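Notebook open, coffee poured. Today I'm looking through a structure that is new to me, and I'm jotting things down as I go.

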Amino acid sequence: MFEAQAESAPDTIAVVCGDAQLTYRELNDRANQLAHELVRLGVRPDSLVGICLDRSPRMVIALLAVLKAGGAYVPLDPSYPQERIEFMLRDAGVTVLLTQSELMDTLPSYDGPQLCLDTDCEAIEKNSRENLTIEIASENLAYVIYTSGSTGQPKGAMITHRGLANYLRWATEAYDVANGCGAPVHSSISFDLTVTSLFTPLLAGRSVFLVPDGIEALAEALLARTNYSLVKITPAHLRALAELLPPDEVAGRVRALIIGGEALHFEGLRFWREYASATRLINEYGPTETVVGCCVYEVTADDPQAGPVPIGRAIANTQLHVLDENMQPVAAGETGELLIGGAGVARGYLNRPDLTQARFVADAFGTMYRSGDLARSMPDGNLEYLGRVDDQVKIRGYRIELGEIETALRQHLGVSDCAVVVCEAAADERRLVAFVVPGELQNRDNASVRTFLENKLPDYMVPATFVWIETLPLTTNGKVDRKALVSQAPAVVADAAFVEARTPVEETLAGIWSAVLKVDPVGVNDNFFDLGGDSILGTLILARAARAGLKLSPSQLFEYQTIAELAAVAGSAN
């Protein structure tokens, strides 16, 4: 599908990254040269190829090259802890690793063939620019993405060409990608949300705009041009953009906001419905195991202003079933587990036959994936998402097994036991809170525990708040009473030694922190992270501080983590 676009419009710009650009001809030629090199190194259909690259034209070239060679790409986010990347490399047994020289010092040791796409470029560019003629079956793998695992290790979902092609064909048409200029890519390829914004423009003859990390960069990209085909985004990012973008400048920027990754509420859409009424707002639901999105709901002017947004109806060649515990259909309006069948269902989990057997079940029409999500059919036929049947959660669009965090946390010498729960700060705003029973060190050191987890887990899996507790509450059945923990969390996030604001700057910052972090009151010695702060919320605090006349940088917010410290370095924005 991409090669057809390269043939019909070779001089159209395919990739934009800062001042760098690649036409469709250039992108196709360079992907072919790398694909020929991958074949020479032994890549065949179903071979797994690791990709650990920054967000650059090289990344797009690598993704297409792996698919052209018949292989399946395994995204390895450079920001992940080395221990996690090492596990994924070992578990996947990748045939080749594609990376770049500046990342070599941070990567774990790897004994197989590897190509640095910057330093090895001369050898790669000697290869043929012709399209390859590799025969790829619909059931061959396209990519393997690792998601959080309940046993303490991530698991790789195996996505086929059939599933990927079905979703992309549907999305390119349903989202009318050809009538816009393309899409910004602001998220990691380790996050399957990125599939939509990265591939649909390339199948519609439009441009991919590679954006640096950070919601501020996405906001700048939106203000830099008009008529984007789509922006794929999570509810958390959507809220942040509403803070960062001037209301009178958002109309016409993007034709469609495709919102996915976690539950969506109408409250989070008010900004867009009011100031960019022509922008389509589409709630897209789908587990990684069923290729990005399997059902959608498009918001209309007649929809309410508050409450959960439905997840809608199935996309093409997809079947949705709401079943009871005996795998029998429930009546309309009744709650059951959502099972997903059709073209998008993955081939299972890599090297995990036990888990594959448990989650992928056969029916008369093929294989269905047990999502673990609760849903019910509404009177109009749309589906409503109602939560989970287990301890899996979604934070900022990332799927997280609480058990994986708890397993890592128990490895710290200062922890004897723990339980991680999710607390709702507001509609579309959720935070991880870890309740920790002290271990042999008995020092209750939040900074030590946080740093320990940051070296083991991606940042989105590190709890926002750590609460030290003597014993974990139990239910009558002897299990951890998570509901009791959730009820305790809001009462213990503020610093026990509360000190109120003493200067106008501290008072301004305290008001901003309270509004953004949903904590009241906030003392000047309370720690930003202990109150639930993260990079997205930090962006909102900086934006509000600037509007209040205070000049602060992101690095200052993360270096000076209390209001007292931050107020001392705050300058005037005027």
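**Entry 1: a threonine in a loop**

Where is the place of threonine 562? I found threonine 562 in the loop between helix 17 (554-559) and helix 18 (563-569). A reminder to myself: this is a predicted model.

Next I looked up whether threonine 562 is buried or exposed. Its relative accessible area is 12%, and the cut-off for buried is under 20%, so threonine 562 counts as buried. Leaving out residues up to four places away in sequence, I listed what threonine 562 touches: Trp513, Val524, Asn525, Asp526 and Asn527.

**Entry 2: the cores**

I turned to the nonpolar cores. The largest one has 69 residues. Leu27, Leu34, Leu38, Leu98, Tyr143 and Tyr175 have the most contacts inside it. Helix 3 gives the most to this core, with nine residues. There is also a second, separate core of 55 residues, and Val524 is one of its members, along with Leu245, Ile536 and Ile541. I had already met Val524 as a contact of threonine 562.

I picked Tyr175 for a closer look. Not counting residues up to four places away in sequence, tyrosine 175 touches Tyr167, Trp170, Thr196, Ser229, Leu230, Ile258, Arg280, Ile282, Glu284 and Val296. As a general note, nonpolar side chains tend to be buried together in soluble globular proteins.

**Entry 3: helix 3 and what follows**

Helix 3 covers 57-68. Why do I call helix 3 largely enclosed by the rest of the structure? Because eleven of its twelve residues are buried. Among them are Pro57, Met59, Val60 and Ile61 near the start of my list, and Lys68 is buried too.

I also checked the length of helix 3. Twelve residues at 1.5 Å a residue should span 16 Å, and the end C-alpha atoms are 17 Å apart, which agrees.

Helix 3 is followed by glycine 70, and I noted its positive phi, near 95°. Glycine 71 is in the loop between helix 3 and strand 4 (72-75). Glycine 71 is buried, with a relative accessible area of 0%. Its contacts, not counting residues up to four places away in sequence, are Val43, Arg44, Ser47, Val66, Leu141 and Ala142. Of these, Val66 is also on the buried list for helix 3. I looked up one distance as well: from glycine 71 to aspartate 530 is 44 Å, C-alpha to C-alpha, with their positions 459 residues apart in sequence.

**Entry 4: helix 12**

Helix 12 (residues 402-409) has seven of its eight residues buried, so I noted it as largely enclosed by the rest of the structure. The buried ones include Glu404 and Glu406, as well as Leu402 and Leu409.

**Entry 5: empty space**

How many cavities of 30 Å³ or more does the structure hold? I got three.

The largest has about 120 Å³ of space. Its lining is Arg30, Gln33, Leu34, Arg58, Ile61, Leu117, Cys121, Ile124 and Glu125. By class, I have five nonpolar, one polar and three charged residues there. Helix 2 gives the most to this lining, with three residues, and helix 3 and helix 5 (121-124) each supply at least two. Leu34 turns up again here, having been on my list for the largest core.

The second largest cavity has about 50 Å³ of space. Its lining has six nonpolar, five polar and no charged residues. Tyr167 is one of them, and Tyr167 is also touched by tyrosine 175.

Technical notes: Residues numbered from 1 in each chain as written. Predicted model: local features only at pLDDT ≥ 70, side-chain atom pairs only at ≥ 80, totals over all residues. Heavy atoms only, no water. 1 Å grid on protein atoms, 1.4 Å probe; cavity = no way out; pocket = protein on both sides within 12 Å on 5 of 7 lines; lining within 4 Å. Points joined across faces, edges and corners; volume = space filled by probe spheres on them. Helix = DSSP H or I, 4+ residues; strand = E, 2+ residues; numbered from the N terminus. Nonpolar A, V, L, I, M, F, W, Y, C, P; charged D, E, K, R; others polar. Core = buried A, V, L, I, M, F, W, Y, C linked by side-chain atoms within 4.5 Å. Buried < 20%, exposed > 50% of the residue type's maximum accessible area, 1.4 Å probe, protein only. Contact = heavy atoms within 4.5 Å. Expected span 1.5 Å × (residues − 1).
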